[in-house]
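Visitor: I would like to go through this structure with you, one topic at a time. Could we begin with a term that I will need?

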Amino acid sequence: RAVEEDENSELAQLRKKPALTQSQLRGLVSALVDRTFPSHLQPAGWPTGKLMEPSDDASLEQARAVQVAFTKLDWLELPEKHFRESVVARDELRPFETFLKARNLETTLKFWMAASKLMAMSELARMAKLDEAYKEFLETSHSGLDAAPVDNKMKLEAVVTAFKRITRELVDVHFVDFIYSEKSDATVTRLMEDPTEMDEGAALLWKTYPVPGDCTRFISKFTLLFDKYPACICLSDMTMPGSPMIFVNQGFSAITGYRPHEVLGKSCRFLQGQLTDPEAVAAIMRSLRAGTDCHVKIANYTKGGTPFKSLLTLLAIFDSNGVYRFCMGIQFPITEQVTIRRRFMRLSRLVCLLPRMLEVGSAKPVAPMHPRALRLVSEDKEAQDAKVKKAAMLAAIGADAEDEADGEEEEEEESEE
């Protein structure tokens with residue numbers, strides 16, 4: 001009875017006290033929430049030492065894949081410049097010729113080459129070769145001319161007009177398509193810098209990040225090449241608790257106002273604020289859990305508290321063991337001066353060209369295979385096995401594997417067209 005009387009007395013006193021304000025409630029809850037948790041609940045880290053070291057071939061493939069993608073992105077920014085300087089000037093036209101042949105456009109390239117040489121000649125030499133070039137390429141039903149020229153001046157004007165038109169078509173359509181296709185990989189690989197050269201990309205990472213041994217080449221090459229890329233880019237390690245950012249490029253700092261040492265090791269969620277759309281956040285969370293790509297328009301905040309709208313894309317990157325290793329975040333701010341369409345064009349290039357599967361060879365898996373990667377890894381292995389079997393068969397009958405493969409690819413493209 002005495003205990004009951006004491007409790008009733010305390011309740012009566014509590015009723016007399018004024019209700020807590022929202023601010024007081026938040027402070028009370030914040031003080032009561034436990035800020036620690038048992039260490040055994042922390043997911044185990046990845047294996048270390050030789051268990052994580054991939055073969056030399058796998059390591060080289062990581063660096064090569066990233067550098068091929070970056071070189072293609074560079075070519076797409078100025079396709080005519082690289083078509084002239086990288087492909088034509090360095091005698092790397094054969095793969096592009098094969099690509100055009102599948103489209104029945106080999107004559108177009110021959111005309112462009114002949115016209116290019118003609119334009120580079122002196123006036124006297126040009127006039128001497130003009131009739132030959134005109135008769136070979138423009139005195140046909142494909143010339144598109146309403147009336148045949150009657151003198152050299154008109155013929156030269158016809159050649160120049162056709163040359164300008166074909167240059168735009170050849171570069172802006174067919175060469176761009178060639179860059180996007182896998183048929184340009186060999187050309188790009190021969191022309192780009194040696195991917196085996198060691199670089200200092202690791203210096204741009206989160207200082208305390210334990211760089212996984214099976215992805216060292218990929219991370220180092222990725223950070224070095226994309227540090228100055230004109231977009232807001234970050235890379236998060238999906239095998240670590242909280243998926244912290246391990247790399248942000250200069251574009252990230254320029255747009256958000258945060259320097260790398262202020263954000264590395266944190267989740268990018270700190271950029272969100274009051275105007276951030278909850279539906280966009282929900283889409284991002286679903287994407288991260290499922291290991292799928294995500295494209296949303298979202299409002300984030302700079303270091304100074306200023307909101308900005310951007311087109312955000314998240315790209316899932318797996319390894320050849322099927323483990324969800326990294327998530328690449330790309331943001332293009334949307335302003336009145338730069339439309340969504342222009343940003344989306346550049347974004348689509350990144351999405352199409354970036355490697356999405358890292359070759360780790362015989363390195364031990366660092367986590368269970370992700371459900372989404374089961375299909376990706378299976379298809380990749382089937383394609384590689386089929387390629388090896390086909391090459392062995394062609395070698396056995398004395399055929400040239402490369403020419404045979406090119407012929408079949410051309411037939412496939414013709415049937416698709």
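Guide: Certainly. A residue counts as buried when its relative accessible area is under 20%, as exposed when that area is over 50%, and as partly exposed in between. Please note that this is a predicted model.

Visitor: Is Glu80 buried, partly exposed or exposed, then?

Guide: Glu80 has 37% relative accessibility, so it counts as partly exposed.

Visitor: And which residue forms a salt bridge with Glu80?

Guide: That residue is Arg84, and the closest N and O atoms of the pair are 3.1 Å apart. Arg84 is also partly exposed, at 33% relative accessibility.

Visitor: Where do the two lie?

Guide: Both belong to helix α4, which covers residues 79-88. They are 4 residues apart, about one turn of the helix.

Visitor: How many salt bridges are there in the whole structure?

Guide: A search of the whole structure gives 10. One of them joins Arg64 to Glu61, with 3.1 Å between the closest N and O atoms. These two residues are 3 apart in helix α3 (residues 56-77), which means that about one helical turn separates them. Arg64 is partly exposed at 22% relative accessible area, and Glu61 is partly exposed at 31%.

Visitor: What about Arg325 and Asp214?

Guide: Their side chains form a salt bridge, at 2.8 Å from N to O. Arg325 is in strand β5 (residues 324-333), whereas Asp214 is in the loop between α9 (185-191) and α10 (216-226), so the pair ties together parts that are 111 residues apart in sequence.

Visitor: Buried or exposed, those two?

Guide: Arg325 counts as buried because its relative accessibility is 1%. Asp214 is buried too, with a relative accessible area of 1%.

Visitor: Which residues are linked with them in a network?

Guide: Asp319 is linked with Asp214 and Arg325 in a network of salt bridges.

Visitor: New topic: at what angle do α5 and α8 pack?

Guide: Helix α5 (residues 94-101) and helix α8 (residues 152-180) pack at about 100°, and their axes are 10 Å apart. Angles of 65 to 115 degrees count as roughly perpendicular, so α5 is roughly perpendicular to α8.

Visitor: Which residues meet there?

Guide: From α5 there are Pro95, Phe96, Phe99 and Leu100, and they meet Leu170, His174, Phe175, Asp177 and Phe178 of α8. Sorted by class, this contact has 7 nonpolar, 1 polar and 1 charged residues.

Definitions and conventions: Residues numbered from 1 in each chain as written. Predicted model: local features only at pLDDT ≥ 70, side-chain atom pairs only at ≥ 80, totals over all residues. Heavy atoms only, no water. Axes fitted to C-alpha atoms, helices over the stretch in contact; angles between N-to-C directions. Parallel < 35°, antiparallel > 145°, perpendicular 65-115°, else oblique. Contact = heavy atoms within 4.5 Å. Nonpolar A, V, L, I, M, F, W, Y, C, P; charged D, E, K, R; others polar. Salt bridge = Lys/Arg side-chain N within 4 Å of Asp/Glu carboxyl O. Buried < 20%, exposed > 50% of the residue type's maximum accessible area, 1.4 Å probe, protein only.
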